[in-house]
Amino acid sequence: MMCWYITALFLILTGCRESSGRTDSSRLRETTYGTCYKVTGVKDGDTFVLLMNGREQVVRFAHIDCPEKKQPFGNQAKQFVAGLCFGKYVRLIHYNRYDRNRRLIAEVILEDGRNLNKELVRNGLAWHFKKYSGDTAYAILETAARQQRKGLWAAENPVAPWNWRHR
């Protein structure tokens, strides 16, 4: 497990570098230990599209759940994600797991090394999705955002997206 953390840290520190000889900007870029993919679309706060091996792949953010588009802060979450990654290159931390909609479940690392999943929680634009994640880092980030009343936590009684969908 420690080896995984060291590899992830190395990927964050090395960043995305364009491979030599590539001229088509829509093609993927490679790093020493990972691959960077170009984000071509943002569906909502926790789902986006990128080019992977010449094909579009929908990616669902691991560990988190953002408000739905018609829910308060849903559009803000989508705009936040689009502002940080649309048209840019990202790296993914994933375990080849897909949800029932064939979306790849992943943590998203921006070119500057920030974890986009954690940035959403830190800024009060996502819940830690405890049903599918036991990662305490996300729980800590959510608690801090709640205490600071950031984003959706400024509302009196924010409704979790998993409850909103079942209304």
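How far should the 12 residues of H2 span at 1.5 Å a residue, and how far apart are its end C-alpha atoms? The views below come from a predicted model, and the first one takes up this helix.

**View 1. Helix H2 and its buried face.**
The expected span of H2 is 16 Å, and its end C-alpha atoms are 17 Å apart, which agrees. Gly74, Ala77, Val81 and Cys85 are the buried residues of H2. Down the helix axis they fall within an arc of 65°, so they line one face of H2. Residues three or four places apart in an α-helix point the same way, because there are 3.6 residues a turn. The buried residues of H2 pack against E2, E4, E6 and H3. After H2 comes Gly87, with a positive phi near 75°.

**View 2. Lys78 and its contacts.**
Lys78 sits in helix H2. Its relative accessibility is 27%, so Lys78 counts as partly exposed. Leaving out residues up to four places away in sequence, Lys78 touches Val42, Lys43, Asp44 and Gly45. Val42 is 36 residues from Lys78 in sequence, yet their C-alpha atoms are 7.0 Å apart.

**View 3. The largest nonpolar core.**
This core has 26 residues. Those with the most contacts inside it are Phe48, Leu50, Phe61, Ile64, Val90, Leu92 and Leu120. At least two core residues come from each of strands E2 (35–44), E3 (47–52), E4 (55–61), E6 (89–98) and E7 (104–109). The same holds for each of helices H2 (74–85), H3 (116–122) and H4 (136–147). A second, separate core has 5 residues, including Ala145, Leu152, Trp153 and Ala160. In soluble globular proteins, nonpolar side chains tend to be buried together.

**View 4. Leu120 and its neighbours.**
Which residues does Leu120 touch, not counting residues up to four places away in sequence? They are Gly45, Phe61, Ile64, Cys66, Ala77, Phe80, Val81, Leu125 and Ala126. Phe61 and Ile64 are also among the residues with the most contacts inside the largest core. Ala77 and Val81 also belong to the buried set of H2.

**View 5. Asp46 in the loop between E2 and E3.**
Asp46 lies in this loop. Is Asp46 buried or exposed? Asp46 is buried, with a relative accessible area of 5%. A polar atom of the Asp46 side chain lies 2.8 Å from the backbone nitrogen of Cys66. Beyond its neighbours within four places in sequence, Asp46 is in contact with Val59, Arg60, Phe61, Asp65 and Cys66.

**View 6. Helix H4, from cap to end.**
The 12 residues of H4 should span 16 Å at 1.5 Å a residue; the end C-alpha atoms are 17 Å apart, which agrees. Asp135 caps the N-terminal end of H4. A side-chain oxygen of Asp135 lies 2.9 Å from the backbone nitrogen of Ala137. Tyr138, Leu141, Glu142 and Ala145 are the buried residues of H4. Seen down the axis, they fall within an arc of 100°, so they line one face of the helix. They pack against strand E5 (64–65), E7, H3 and strand E8 (127–128). Thr136, Ile140 and Gln147 are exposed on the other side of H4. Arg149 follows H4 and has a positive phi, near 55°.

**View 7. Aromatic pairs and a cluster.**
The whole structure holds 5 aromatic pairs. Phe129 and Trp162 form a stacked pair, 4.9 Å centre to centre, with 5° between the planes. Phe129 lies in the loop between E8 and H4, and Trp162 lies in helix H5 (residues 161–164), so the pair ties together parts that are 33 residues apart in sequence. Phe129 is buried, at 11% relative accessible area. Trp162 is partly exposed, at 26%. Both belong to one aromatic cluster with Trp127, Tyr132 and Trp153. Trp153 is also one of the residues of the second core.

**View 8. The whole chain.**
The protein chain has 5 helices and 8 strands. Along the sequence they follow the pattern α-β-β-β-β-β-α-β-β-α-β-α-α. Of the 167 residues, 44% count as buried. Among contacts between residues at least 6 apart in sequence, 55% join residues at least 24 apart.

How values were computed. Residues numbered from 1 in each chain as written. Predicted model: local features only at pLDDT ≥ 70, side-chain atom pairs only at ≥ 80, totals over all residues. Heavy atoms only, no water. Core = buried A, V, L, I, M, F, W, Y, C linked by side-chain atoms within 4.5 Å. Buried < 20%, exposed > 50% of the residue type's maximum accessible area, 1.4 Å probe, protein only. Helix = DSSP H or I, 4+ residues; strand = E, 2+ residues; numbered from the N terminus. Contact = heavy atoms within 4.5 Å. Expected span 1.5 Å × (residues − 1). Arc of directions from axis to C-beta. Polar contact = N/O pair within 3.5 Å; in protein donor to acceptor, adjacent residues only side chain to side chain. Phe/Tyr/Trp six-rings, centres within 6.5 Å; stacked < 30°, edge-to-face > 60°.
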